[in-house]
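Welcome! Please take a moment with the sequence and the 3D view below, and then we can walk through the structure together.

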Amino acid sequence: MAPMPTPQEEPLIDLRELLRILNHYKWGIASITFVAALISVMAVYSITPTYQATVTILIEAKGNVPVAQVQDVYDPGYGRMEYYGTQFTIIKSRELARRVVERLDLTKQPEFAMPEPGMVEKLDWRKFLPFLPQTQDLAEQSESERAAAHKEWVIAEFGRRLTVEPIYSSQLMKVSFESEDPELAALVANTLAELFIESSLEARLAAAQKASSWLTQKLEGLREDLQKAEQALQAFREQEQLVNVGGERGLVEEELTDNARRLREARKKTAELASAYWKIQQAGDDPGKLEDVSTLLQDDVVRRAKESVLQASETVKQLESRYGPKHPQMIAARARLDAATSAYRTQLITAAKGVKAEYEIARESERLLTQFETGARGTIRGLDRKQYQLRALERDVETNRQLYDMFLARFKETDLTGQYEVLNARVVDPAVPPQRPFKPKKRKIVFLSTLAGLLLGLLLAGLSALLSDMVRSGEELESLTGTPVLGVLPLLGAGARKDLPNQMLHAPRSGFAEGIRSIRTGVLLSDLDVKKKRLVVTSSAPEEGKTTIAINLAVALGQIEKVLLLEGDLRRPSIAAKCGIKDKSPGMIEWLSNAKPLEECIYRHAEANIDILPVGKVPPNPAEILASGRFHKLVELLMDRYDRIIIDSAPCHAVSDTVLLAQNSDGMIFVVQADVTGKRLIRSAIKHLRHARVPIVGSVVNQIDLKRHGHYYASYYYNYGYYA
């Protein structure tokens with residue numbers, strides 16, 4: 001079996017849907033765009049034009065100062081990028097603006113007249129909050145106070161009109177000023193550049209003078225600090241009687257090194273004799289126990305004495321085999337053995353005493369050497385402390401001397417700067433009165449406003465489409481209900497709407513008739529497994545066209561089957577009137593009440609080739625009738641006579657009649673009116689029907705406005721254009 005094709009994923013952006021939305025809201029978008037353009041045109045031509053004059057200033061990072069590095073005294077950032085940032089801030093400073101305002105007397109210019117306070121300024125809201133500090137009323141201010149306030153306002157306005165723009169990768173800076181008068185704009189820009197150069201020169205001269213004064217005072221203090229440091233160093237040397245701390249410390253270190261070597265030897269000796277000393281102490285003067293001390297047996301004298309004992313003992317053993325114990329040779333041999341044994345024991349005791357003495361000497365040497373090492377280390381630490389104090393005092397002297405020498409050199413250099421101070425800023429390109437206004441940029445404003453209006457229109461159209469709760473297409477309904485859309489019916493003109501129930505008969509080639517045939521095809525295709533003989537046509541709310549669709553669907557099915565149109569809306573019946581049945585004619589209610597036979601209640605529509613069973617007299621209890629066994633018996637009886645029964649139901653969301661009808665049906669067709677029925681209502685109705693286990697064959701979108709949704713449905717109806 002060949003694998004089933006994988007369905008293509010839907011694109012993230014549906015261009016057809018976007019085009020449909022744009023086409024639907026095109027006049028609204030065009031209106032908003034036109035209004036925005038019109039307002040922008042009116043606004044730009046009502047604004048007073050403003051002119052901008054620009055002066056270009058060269059700011060050199062290095063001045064021609066003959067004494068190098070003197071400028072560091074009063075300008076730590078000189079020669080770095082921070083210097084340009086500083087000059088940029090100075091040009092925009094409030095103090096420089098004040099000087100320009102005073103020199104040109106801008107407060108008397110009509111352009112800089114103090115504006116009248118608006119309604120918000122006139123309303124002093126602080127009066128309603130007495131715990132806040134109150135402001136002084138303008139009428140209560142004196143002439144000088146009003147003049148000062150006017151001047152401050154002009155200075156603030158000056159800063160808003162001033163623009164400073166550095167030219168990157170260069171030492172140039174553009175300074176621009178805006179004014180309604182082009183002559184005044186150029187005058188202010190040139191005056192600002194002139195005052196900036198003057199203020200820069202004055203500041204540098206003042207800084208040099210201040211630095212010279214400060215260095216003079218600082219030198220006196222540094223001179224005193226240097227003298228005190230030198231005196232403290234000399235006093236410390238005399239008090240400690242220091243000649244050369246480093247040499248004395250070297251001698252002590254040599255003695256400490258030699259002592260450490262001897263101390264290691266003494267400790268090694270003590271460790272070697274410690275075990276033998278302990279055993280000798282335990283043995284006492286017992287020769288037998290002293291023989292167990294291996295250290296004693298290594299002594300040469302003890303070893304020779306022991307050899308003599310062994311030789312004498314060997315001689316006695318040899319003579320015992322020849323002679324008796326009283327033989328003179330045996331007696332002499334035993335005497336030599338006893339003498340050798342006594343000498344051996346004596347040598348053991350003597351060697352033991354020697355080991356004890358040697359151990360005690362080693363311990364005493366270790367103690368004395370340890371005491372000497374401790375004293376030597378203390379001497380070195382004392383010398384180190386003295387050397388540390390000496391170096392600290394020497395550093396103080398050296399530091400004070402360096403500071404003094406540096407400030408003395410700076411003082412001599414700074415004293416000469418007043419003679420060689422040069423200017424490091426100049427005007428490269430003076431400002432000239434502009435010929436064209438700087439703003440408003442009419443074309444740009446109109447273009448951007450029109451573009452903003454267009455974007456606003458598009459945004460509102462998108463929001464309107466996203467926030468809309470109405471169904472506009474079959475795809476929306478299918479996604480909303482989860483049921484197939486059997487057909488989409490167009491909205492007809494006023495003349496055609498009057499004859500909607502007879503569209504299949506009187507306008508069989510219209511788009512509406514073709515839509516009904518599409519619904520018929522969907523119904524027939526749903527019969528593939530089990531034929532759905534009883535179909536209920538319903539909607540979520542009244543006036544959605546379900547009765548008209550039921551009549552026309554019955555007519556369409558009547559062309560190929562024997563069909564009965566049953567009026568199931570017992571509350572507001574309308575099929576009889578739409579199909580030309582006389583008022584108060586007997587119908588279903590009369591048969592259910594045994595007032596009339598069934599043949600008198602069913603009416604033949606010869607032109608449509610269908611039978612119609614109207615309601616008849618409107619009953620007071622529709623729900624009880626639809627739930628009765630008598631009604632179920634009627635439906636079973638009609639199923640034996642007809643191939644298909646189309647039942648027109650009441651709206652399912654309003655009453656429970658539809659659910660009761662569904663119990664006597666094989667399927668249901670759900671009708672939705674486009675651009676009228678809300679999605680929330682549709683969801684609620686579908687949920688209600690599914691909760692009642694009603695089988696839904698499909699849904700129908702009714703009264704689609706092709707003029708509004710023509711882009712989407714043009715391809716759907718183009719085949720039927722020749723039927724008009």
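Let us begin at one residue, Val555, which is buried because its relative accessible area is 3%, under the 20% cut-off for that class. Do keep in mind along the way that what you see is a predicted model. Val555 is part of helix H18. Setting aside residues up to four places away in sequence, Val555 touches Met504, Leu505, Ala608 and Ile610. You can also look for Glu607: it is 52 residues from Val555 in sequence, yet the two C-alpha atoms are 9.2 Å apart in space.

Now stay with the helix that holds Val555, and bring a partner into view. Helix H18, residues 546-558, packs with helix H17, residues 511-525, at an angle of about 70°, and their axes are 9 Å apart. That angle is why H17 counts as roughly perpendicular to H18. Which residues make the contact? On the side of H17 they are Phe512, Ile516, Ile519, Arg520 and Leu524, while H18 brings Thr548, Ile549, Asn552, Leu553, Ala556 and Leu557. Sorted by class, the contact of H17 with H18 has eight nonpolar residues, two polar ones and one charged one.

With that corner in mind, step back to the whole chain. The protein chain has 26 helices and 12 strands. Of its 724 residues, 39% are buried. Among contacts with a separation of 6 or more, 81% are between residues 24 or more positions apart.

Leu535 offers another buried spot to visit. Leu535 is in strand S6, residues 534-539, and it counts as buried because its relative accessibility is 0%. Leaving out neighbours within four places in sequence, Leu535 is in contact with Val523, Arg644, Ile645, Ile646, Ile647, Gly667, Ile669 and Val697. From Leu535 to Val523 there are 12 residues along the chain, and their C-alpha atoms are separated by 9.1 Å.

Next, travel to another part of the chain, where strand S3 holds Glu178. Is Glu178 buried or exposed? Glu178 is buried, because its relative accessible area is 11%, under the 20% limit. Once the neighbours within four places in sequence are left aside, Glu178 is in contact with Thr50, Tyr51, Gln52, Arg161, Thr163, Phe438 and Lys439. Thr50 is 128 residues from Glu178 in sequence, but 6.4 Å away in space, C-alpha to C-alpha.

Several of those names lead on to further details. Take Arg161: its charged end sits over the ring of Phe112, 4.6 Å from the ring centre. Phe438 has a charge over its ring too, with the charged end of Lys441 4.8 Å from the centre. Lys439, for its part, is joined to Pro440 by a cis peptide bond, with omega about 10°. Pro440 lies in the loop between strand S4 (425-429) and helix H13 (442-467).

Strand S3 also takes part in a meeting of rings. How many aromatic pairs are there? The count comes to one. The pair is formed by Phe158 and Phe177, and it is tilted, with 4.9 Å from centre to centre and 35° between the planes. Phe158 belongs to helix H6 (residues 143-161) and Phe177 to strand S3 (residues 172-179), so the pair links distant parts of the chain, 19 residues apart. Both Phe158 and Phe177 are buried.

To finish, look at two residues at the other end of the accessibility scale. Ser169 is in the loop between strand S2 (162-166) and S3, and it counts as exposed because its relative accessibility is 85%. Phi of Ser169 is near 65°, a positive value in a residue other than glycine. Lys584 likewise has a positive phi, near 65°, and is not a glycine. You will find Lys584 in the loop between helix H19 (575-578) and helix H20 (588-592). Lys584 counts as exposed because its relative accessibility is 77%, over the 50% cut-off.

Notes. Residues numbered from 1 in each chain as written. Predicted model: local features only at pLDDT ≥ 70, side-chain atom pairs only at ≥ 80, totals over all residues. Heavy atoms only, no water. Axes fitted to C-alpha atoms, helices over the stretch in contact; angles between N-to-C directions. Helix = DSSP H or I, 4+ residues; strand = E, 2+ residues; numbered from the N terminus. Parallel < 35°, antiparallel > 145°, perpendicular 65-115°, else oblique. Contact = heavy atoms within 4.5 Å. Nonpolar A, V, L, I, M, F, W, Y, C, P; charged D, E, K, R; others polar. Phe/Tyr/Trp six-rings, centres within 6.5 Å; stacked < 30°, edge-to-face > 60°. Buried < 20%, exposed > 50% of the residue type's maximum accessible area, 1.4 Å probe, protein only. Lys NZ or Arg CZ within 6 Å of the ring centre and 35° of its normal.
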